[in-house]
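Trainee: I would like a close look at one part of this protein, namely the aromatic rings and the strands that carry them. Could you take me through that part slowly, and then place it beside other contacts in the chain?

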Amino acid sequence: MKTYLFLGFLIHFFAHGSCESDLPAPSQVMLAVPAEYSVGFKGRAFLMEANQMLPSFKAALSVEAINGKYACSLSVFLGEVKVWDSGHFTKFYTSEKCLLQLTTDGDLLLKGANEQVGWRTATHGQGVERLQLSKTGNLILVDKLNRLKWQSFNFPTDVMLWGQRLDLGTLLTSFTTNSDSFYSFEIQPNKIAMYLNSGSWKHSYWEFKPSKNRNITFVQLGSKGLELFNHEHRKIAQIRSQRIEPLRFMSLGNGTGNLGLYYYSSEKGKFETSFQALNTTCDLPLACEPYGICTFSNSCSCIRFVKRTEEKMRSRCGEGYRRGFCGREAEMVELGDVRTVLRNDPKRVNVSREECSSLCMDDCKCVAALYSSGKDGDGVRECFLYGLVRGVRQVDRGSGFNYMVKVPKGSGGGHGRSNNVRKWVLVMVGVIDGLIILFVVGGIGYYVIRKRRKNLAVDNTS
């Protein structure tokens with residue numbers, strides 16, 4: 001058995017010159033895990049490199065400091081961008097060592113201290129001979145006839161690489177920071193869409209549908225865009241790149257939930273976006289914290305409700321509000337001229353606004369409702385229920401949306417104070433935008449006056 005030993009503190013020493021073309025069975029590679037926790041630590045032992053074009057793909061055994069512990073994983077990098085990771089869904093935390101082993105019977109696995117197995121391909125007994133990294137960034141296990149036995153492309157994470165195919169029902173997932181929610185990009189029969197998932201709730205915030213109601217069987221990332229195909233392998237639609245440079249990957253961002261197509265800029269020496277699904281801050285599902293409103297100036301303002309007995313404002317949006325109340329414990333407060341970017345199938349159609357409000361009040365898991373009647377009230381009347389107050393943004397008056405938030409009884413001041421709460425929110429939004437405009441106009445005015453005085457001084461000197 002071939003054994004490779006790397007010390008964990010030698011982080012980038014193996015980035016160049018030490019990569020082999022494949023890893024034969026049996027083999028093992030080990031990284032030592034530091035005894036003490038070090039914030040920001042990243043140890044990598046690069047194993048293989050695919051020299052197709054720059055920047056190249058590299059496979060690495062990785063140790064990373066996460067939340068007070070060390071995670072061990074097998075990763076694929078495109079330049080400095082991590083495009084696949086064995087610990088994407090479940091982290092393998094370990095101490096002392098991070099061991100990658102390709103066994104004699106063809107199983108690829110990660111081990112920690114005391115022979116603890118944290119991840120495996122379960123390919124034992126299939127005649128696996130080698131672990132290879134393809135020119136497209138696909139990590140594969142093959143037998144002696146080069147027949148494929150396992151591939152990383154079958155286990156997508158948050159990145160789709162050039163040439164990679166995702167079938168119907170497949171999804172990309174991206175986990176948010178400091179939140180129990182996660183984003184997903186999903187291929188469905190009639191559309192591709194992005195979702196914000198939180199507990200049992202699932203809300204979409206972007207979608208793309210082929211024309212003429214044509215069905216999708218799979219999608220593939222090409223050099224010029226994301227291509228959609230039917231069951232006959234015919235291209236039925238495409239999301240085009242806005243650059244002439246060939247695409248390298250598509251990514252679902254874990255910080256924003258935005259979908260981007262990326263090319264490599266040799267001039268800047270880094271990857272740049274050639275297409276983004278969402279183009280403004282307020283289009284993002286988590287642009288503001290819970291109970292926040294994204295305003296016309298792309299800044300955030302809080303939806304604040306003060307109980308009658310309270311004088312002090314809370315420091316954070318929605319701070320102190322309990323969840324899971326309903327019926328007589330709750331009341332709905334309507335916010336004018338706002339809506340949410342989150343969408344789902346309507347709970348009910350052809351209902352009144354009052355009925356929509358009651359549906360949310362009676363549902364203990366519901367925290368907000370959106371009532372849509374179309375512009376000027378002449379559209380289909382739809383009621384949408386939500387399990388979180390996120391993605392709320394300011395809209396123009398007369399848009400046909402009525403957004404309602406559930407609060408504990410008395411927080412909104414009762415029926416008589418609903419309008420006052422609505423006005424307070426709008427005033428705060430207007431004040432913030434007004435201050436921004438005032439600062440901009442004031443700055444321009446100051447610059448013009450200074451420049452005029454300077455010119456007059458020059459003329460007088462002359």
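Mentor: What follows begins with one strand and its partners, moves to the aromatic rings, and ends with a sheet and some disulfides.

Please keep in mind throughout that this is a predicted model. A good place to begin is strand 10, which covers residues 108-111 and sends the side chains of Leu108 and Leu110 one way while Leu109 and Lys111 point the other way. All of these residues are buried, the lysine included. Strand 10 pairs with strand 9 (residues 97-102) in the antiparallel sense over 4 bridges, and within that pairing leucine 100 stands opposite leucine 110. The hairpin made by strand 9 and strand 10 has 5 residues between the strands, and glycine 106 takes a positive phi there, near 90°.

Strand 10 also runs antiparallel to strand 11 (residues 117-120), to which it is joined by 3 bridges. These two strands form a hairpin with 5 residues between them, in whose turn asparagine 114 has a positive phi of about 60°. Leucine 110 has a bridge partner in strand 11 too, and that partner is tryptophan 119, the residue that leads from the strands to the rings.

Tryptophan 119 belongs to a cluster in which ring pairs link it with Trp84, Trp150 and Phe155. A search of the whole structure finds 14 aromatic pairs, and one that deserves attention is the pair of tryptophan 84 and tryptophan 150, whose ring centres lie 6.1 Å apart and whose planes stand at 75°, so that the pair counts as edge-to-face. As tryptophan 84 lies in strand 7 (residues 81-85) and tryptophan 150 in strand 14 (residues 148-151), the pair ties together parts that are 66 residues apart in sequence. Both of these tryptophans are buried. Tryptophan 150 also pairs with phenylalanine 155, here in a stacked arrangement with 5.8 Å from centre to centre and 20° between the planes. The two members of this stacked pair can be described by their accessibility: tryptophan 150, at 8% relative accessibility, counts as buried, whereas phenylalanine 155, at 44%, counts as partly exposed.

Rings elsewhere in the model take part in contacts with charges. The charged end of lysine 69 sits over the ring of tyrosine 93, at 4.1 Å from its centre, and the charged end of arginine 165 sits over the ring of phenylalanine 218, at 3.8 Å from its centre.

The arginine leads on to another sheet, an open one in which 4 strands follow the order 16-21-22-23 with antiparallel pairing. Strand 16 (165-167) and strand 23 (235-240) stand at its edges with a single partner strand each, so one side of each edge strand is left without a neighbour in the sheet. Neighbouring strands of this sheet are turned against each other by 20° on average, direction ignored. Strand 23 runs antiparallel to strand 22 (residues 225-229), to which 5 bridges join it, and leucine 228 stands opposite alanine 237 of strand 23.

The last group of contacts is covalent, for a disulfide is a covalent bond between the sulfur atoms of two cysteines. The structure holds 5 disulfides, one of which is formed by cysteine 282 and cysteine 294, with sulfur atoms 2.0 Å apart. The torsion about their S-S bond is about -80°, so this disulfide is left-handed. Cysteine 282 lies in the loop between strand 26 (270-276) and strand 27 (292-294), while cysteine 294 lies in strand 27, so the pair ties together parts that are 12 residues apart in sequence. Cysteine 282 counts as buried at 3% relative accessibility, and cysteine 294 is buried with a relative accessible area of 2%.

Cysteine 288 and cysteine 300 form another disulfide, with their sulfur atoms 2.0 Å apart, and the torsion of about -90° makes it left-handed. Here cysteine 288 sits in the loop between strand 26 and strand 27, and cysteine 300 sits in strand 28 (residues 300-302). Cysteine 288 is buried, with a relative accessible area of 8%, but cysteine 300 is partly exposed, with 44%.

Finally, a disulfide joins cysteine 356 to cysteine 383, with 2.1 Å from S to S, and with 80° about the S-S bond this link is right-handed. It connects helix 1 (residues 353-362), where cysteine 356 lies, with strand 33 (residues 382-386), where cysteine 383 lies, across 27 residues of sequence. Both of these cysteines are buried.

Note on methods: Residues numbered from 1 in each chain as written. Predicted model: local features only at pLDDT ≥ 70, side-chain atom pairs only at ≥ 80, totals over all residues. Heavy atoms only, no water. Phe/Tyr/Trp six-rings, centres within 6.5 Å; stacked < 30°, edge-to-face > 60°. Buried < 20%, exposed > 50% of the residue type's maximum accessible area, 1.4 Å probe, protein only. Lys NZ or Arg CZ within 6 Å of the ring centre and 35° of its normal. Pairing = 2+ DSSP bridges. Axes fitted to C-alpha atoms, helices over the stretch in contact; angles between N-to-C directions. Disulfide = S-S within 2.5 Å.
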